[in-house]
Amino acid sequence: MIKLYNDHFQNYKVYGIPKAQLVIADIPYNVGADAYGSNPMWYKGGDNKNGESELAGKEFFDTDKDFRIAEYMHFCSKMLRPEPKGNDEGKEIGSQGRKSGGAPCMIVFCAFEQMMYVIEKGREYGFKNYIALQFYKNYSPQVLKANMRVVGNTEYAILLYRNKLPKFNNNGRMVFNAMPYPRDTETVKVHPTQKSVPLLRYLIELFTDKGDVVIDPCAGSGSTLLAAAQCGRNAYGFEIKKDFYREATEKVLNNIQPSLF
Ligand SMILES: C[S@@+](CC[C@H](N)C(=O)[O-])C[C@H]1O[C@@H](n2cnc3c(N)ncnc32)[C@H](O)[C@@H]1O
């Protein structure tokens, strides 16, 4: 089942969504009027000789400034499934019958400046544990500054969980907290902060099994839902802006086999 709702995630109760193994979202950045700073899109045609474009001095979208992280954490505390009891769930990972946890978790993509705030807010809602994640690109959106200073090629996220370690399908491989950010050359681009579907597939496969439920409360282009569908997971998402919702359903999620809807 794959379902995107054109609604505020706070209205989730109306939709009877099952609880999730993984909630994954790229929350609005609150970067305000500098959203396109150092990005070629600040200028017409991406060239500063042409003068500023309509995106200069704008935020990514007007929901940026109204986003309330407490509401978001409340949603996650309700919609992530409870932790498995005792030691009955999880996978054998050693000769002594040790088990990795089968617990749920959430991944919050956020700006570097938001990381401590996300950790603190998560703690207030029962997510006492975290792992900081970094994703490095082999390109930078700040190309206009490339001859002036070190430019950013990193995205950040916090993985949050309650007490028990999250489900972890590492297949015996060590997973570093700084990982490559694969460029997405396969998915149509409909959103200014669209995440890489190959990266989302990697994370979904690491922290969930086939048939598990994945929720993206701030779905944007629907990239998480697409990745989850491609991995055989059930996915639910919310997108408050009508235009993003329409583009997501008509251009991104339209190629998923109808049987999944
Ligand atoms: C940073 S973007 C997410 C981009 C997405 N990860 C992607 O790959 O396309 C955040 C999205 O959350 C949406 N949003 C903001 N507040 C929301 C809310 N309360 N409920 C649902 N969607 C919301 C915004 O309209 C925006 O499209």
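Which residue of strand 3 does A25 stand opposite? Keep that in mind as you go through these close-ups of a predicted model.

**View 1. Strand 2 and strand 3 side by side.** Here's the answer: A25 stands opposite V108, which belongs to strand 3. Strand 2 covers residues 22-26 and strand 3 covers residues 105-110; the two run parallel, and five bridges join them. As a reminder, strands of a sheet pair through backbone hydrogen bonds, and they can do so either parallel or antiparallel.

**View 2. The whole sheet, strand by strand.** Eight strands make up an open sheet, and the pairing is mixed. Walk across the sheet and you meet the strands in the order 1-8-7-2-3-5-4-6. Strand 1 (2-5) and strand 6 (178-180) sit at the edges with a single partner strand each, so one side of each has no neighbour in the sheet. From one strand to the next, the twist averages 20°.

**View 3. Two helices packed on the sheet.** Helix 2 packs on the sheet and touches strand 3, strand 4 (129-136) and strand 5 (154-161). The direction of helix 2 makes about 10° with that of strand 5. Helix 3 (residues 197-207) packs on the sheet too, touching strand 2, strand 3, strand 4 and strand 7 (213-216). Compare the direction of helix 3 with that of strand 2 and you get about 155°.

**View 4. Helix 1 meets helix 2.** To describe two packed helices, you give the angle between their axes and the distance between the axes. For helix 1 (residues 69-79) and helix 2 (residues 115-124), the axes come within 9 Å and cross at roughly 50°. That's why the two helices, helix 1 and helix 2, are called oblique to each other. Their crossing is right-handed. On the helix 1 side, look for I69, A70 and M73; on the helix 2 side, find Y117, V118, K121, G122 and E124. Sort these contact residues and you have five nonpolar, one polar and two charged.

**View 5. Helix 3 meets helix 4.** Helix 4 (residues 223-230) packs against helix 3 at an angle of about 55°, and their axes are 8 Å apart. Helix 3 and helix 4 are therefore oblique to each other, and helix 3 passes helix 4 in a right-handed crossing. Helix 3 brings V197, L200, R201 and I204 to the contact, while helix 4 brings S223, T224, L226, A227, A228 and Q230. By class, that contact has six nonpolar, three polar and one charged residues.

**View 6. Around the ligand.** Which residues come nearest to the ligand? Of the 21 residues around the ligand, they are D26, C218, G220, S221 and S223. The shell as a whole divides into nine nonpolar, eight polar and four charged residues.

Definitions and conventions. Residues numbered from 1 in each chain as written. Predicted model: local features only at pLDDT ≥ 70, side-chain atom pairs only at ≥ 80, totals over all residues. Axes fitted to C-alpha atoms, helices over the stretch in contact; angles between N-to-C directions. Helix = DSSP H or I, 4+ residues; strand = E, 2+ residues; numbered from the N terminus. Parallel < 35°, antiparallel > 145°, perpendicular 65-115°, else oblique. Left-handed = near helix turned anticlockwise from the far one by under 90°. Contact = placed C-beta atoms within 7 Å. Nonpolar A, V, L, I, M, F, W, Y, C, P; charged D, E, K, R; others polar. Pairing = 2+ DSSP bridges. Near = placed C-beta within 6 Å.
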